[in-house]
Amino acid sequence: MDGERRASQALSSGLPEGGAGGESPGDGGPVPGSSCSSALLQAEVLDLDEDEDDLEVFSKDASLMDMNSFSPMMPTSPLSMINQVKFEDEPDLKDLFITVDEPESHVTTVETFITYRIITKTSRGEFDSSEFEVRRRYQDFLWLKGKLEDAHPTLIIPPLPEKFIVKGMVERFNDDFIETRRKALQKFLNRIADHPTLTFNEDFKVFLTAQTWELSSHKKQGPGLLSRMGQTVRAVAWSMRGVKSRPEEFMEMNNFIEMFSQKINLIDKISQRIYKEEREYFDEMKEYGPVHILWSATEEDLVDTLKSVASCVDKCCKATEKRMSGLSEALLPVVHEYVLYSEILMGVMKRRDQIQAELDSKVEALTSKKADTDLLTEEIGKLEDKVECANNALKADWERWKQNMQNDIKSAFTDMAEENIHYYEQKTWSHLPVELLPTYEN
C-alpha cells in the first residue's frame, strides 16, 4: 500500500500550500485536497530528486508570479489567487464547431501514417457551406501551425502534440497513442477556432474545407525554398544580434515565461511520477484479491473473513483505477499542454525581439549615415509601425492566454481534488471485520 500512500501524500501535501486543510472560499471550513485547485499558483515548489523515490518540498521562497500582474508576491489563501479576479459572463457566440475523429492507418511503400476525419460545422457567411468533412494527417497540422506563426508572429499559437512518441515505446500506432493524439489535435483546432484573430485566418479556412488535392495545391502557392531560407537567415541574424532596450513590460513578461516554464515542467514531471506510482500500486493490489479467494478455500474457519478482504481489495482496485483514469484524462494532458505552451511563449518572445532588433539596426544605420537617408527613414517608419502592431498583438493575446491558462489549470486541479475526495469518502474497507481494521496508538 506504500505506493498509494506516497502518491496521495504528493497530491495532498507535496503540492503548494493549502493541502487538506485548505479553506473553502464559501464557508471558511477545510476542504480536503483543495490544494490541487491552486497547485500552480502557490508559493511552495516541488523538487524531484532523480536519485530518490520520494517527493520533497524544497522551497517556499520561489514562486510563480501573480497570474494577473507581474508582481512576484503571492496571496496566502489557497484559493484567493484564483478567485481574486472575476470574469464577467459573456454570451456564447461560438459559430464554428470542429470535431476530429475516425483515425485511419495508411500504409505505402514509403511510409505509414494516420489520417483523421475533421468535421466542421459553421454558420459563417464566408464559408460556402454549413458543414465540411475532410481528412488530414499530422504533417498538415504542422503546416497550418507554421502558416499561423508566419502570419501572426506575436500571437500565441496553440501547441500541437509532439511529433515523436516517448523513447522506448514500441507500438507507435497503438490505440492509446492514436486516441491521445486525436484529442490533442481536436483541442488544437478548437483553440484556434475560439481565438478572436486566428479563427479568421485564410489558411485555417482552407485547412478545414479543402479536399486533399486542393490543400496540396494551396501549399505550393507559398514562398519558394530560397525565399524561406533567406527569411530564416535574416531571423537568425537578428536573434544573434539581440535587442538593446527591450521595453520593461516585455522584460517582465519574459521573466514570467521563464519562471512559468520552470514550474510547469516540474509539475509535469511530478504528475507523471505520481501516475507511475499509482499504476504500480494498482498492479500490485489487484493480485491480492484472487490470492485471498484461493486462501479461503483452504481455511474453513476464515472463509468469510478472507472473502471479505478479497471483496474490499476488489473495491479498492476499482476505485483506484477510476482515480487513475481521472488523473490520466483530466490532469496530465492539461499540465503537459502548458509545458508545450511555455515553449510556444518563448518562441513568440523571440520573434518579437527579432522585429525590434531589425528596427534597432535600421536606426543605427541612419544615425551613422551609412546608407541613403530617405530610404532608411521610410523603412524605419514601416518598422516602427510593425513593432507597435507586434507589441499590441502580443499584449492583447497575453492577457487572453493568462485567463485561459488560469481557468484550465484551476479546473484540472479542482477536478482532481474532487476525484481524490470521492475516492477517500467511499470507505472501501468499511465492510471488513472490526478485528482486521488497522488500529493506531498515540
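This report covers the overall make-up of the chain, its three-stranded sheet, its salt bridges and the contacts around two residues.

**Basis**

This is a predicted model: local features need pLDDT of at least 70, side-chain atom pairs count only at pLDDT 80 or more, and totals for chains, interfaces and linings use all residues. Residues are numbered from 1 along each chain as its sequence is written, and side-chain values use heavy atoms, with hydrogens and water left out.

**Overall make-up**

The chain has 11 helices and 5 strands. Helices (H or I, at least four residues) and strands (E, at least two) are DSSP runs, numbered from the N terminus. The chain holds 442 residues, and 41% of them count as buried. Buried means under 20% relative accessible area, exposed means over 50%, and partly exposed lies in between (1.4 Å probe, protein chains only).

The accessible surface comes to about 24800 Å². Carbon and sulfur atoms account for 52% of that surface. These areas come from the Shrake-Rupley method with a 1.4 Å probe; for residues, only the protein chains shown count as cover.

A contact means heavy atoms within 4.5 Å. Take the contacts between residues at least 6 apart in sequence: 71% of them join residues at least 24 apart.

**The sheet**

Strands E3, E4 and E5 form an open sheet in the order E3-E4-E5, with antiparallel pairing. Two strands pair if DSSP finds at least two bridges between them. E3 and E5 (131-137) are the edge strands, each with a single partner, so one side of each has no neighbour in the sheet. On average, neighbouring strands are turned by 20° against each other, direction ignored.

E3 and E4 run antiparallel and are joined by 10 bridges. Aspartate 101 stands opposite arginine 117 in E4. Helix H5 (residues 202-209) lies across E3, E4 and E5 and runs at about 90° to E5. Axes here are lines fitted to C-alpha atoms, for helices over the stretch in contact, and angles run from 0 to 180 degrees between N-to-C directions.

**Salt bridges**

A salt bridge is a side-chain nitrogen of Lys or Arg within 4 Å of a carboxyl oxygen of Asp or Glu. By this rule there are 20 salt bridges. The table gives three pairs.

| Acidic residue | Basic residue | Closest N to O |
|---|---|---|
| Glutamate 102 | Arginine 117 | 3.3 Å |
| Glutamate 179 | Arginine 182 | 2.8 Å |
| Glutamate 337 | Arginine 191 | 2.7 Å |

The pair of arginine 117 and glutamate 102 belongs to the sheet strands. Arginine 117 sits in E4 (residues 112-122) and glutamate 102 in E3 (residues 96-107), 15 residues apart. Arginine 117 is buried at 15% relative accessible area. Glutamate 102 is partly exposed at 41%. A network of salt bridges links Asp101, Glu102, Arg117 and Glu133.

Glutamate 179 and arginine 182 share helix H4 (residues 175-194). They are 3 residues apart, about one turn of the helix. Glutamate 179 is partly exposed at 32%, whereas arginine 182 is buried at 15%.

What does the pair of glutamate 337 and arginine 191 tie together? Glutamate 337 lies in helix H10 (residues 303-368) and arginine 191 in H4, so the pair ties together parts that are 146 residues apart in sequence. Glutamate 337 is buried at 9%. Arginine 191 is buried at 17%.

**Threonine 122 and arginine 124**

Threonine 122 lies in E4 and is buried, with a relative accessible area of 9%. A polar contact is a pair of N or O atoms within 3.5 Å; within protein, one must be able to donate a hydrogen and the other to accept it, and residues adjacent in sequence count only if both atoms are side-chain atoms. A polar atom of the threonine 122 side chain lies 2.8 Å from the backbone oxygen of aspartate 95. A polar atom of that side chain also lies 3.1 Å from the backbone nitrogen of arginine 124. Leaving out residues up to four places away in sequence, threonine 122 touches Asp95, Leu96, Phe127, Ser129 and Ser130.

Arginine 124 is in the loop between E4 and E5. Is arginine 124 buried or exposed? Arginine 124 counts as buried, at 8% relative accessibility. Its side chain makes a polar contact with the side chain of threonine 199 at 2.5 Å. With residues up to four places away left out, arginine 124 touches Asp95, Leu96, Ala193, Thr199 and Phe200. Arginine 124 and aspartate 95 are 29 residues apart in sequence and 6.7 Å apart in space, C-alpha to C-alpha.
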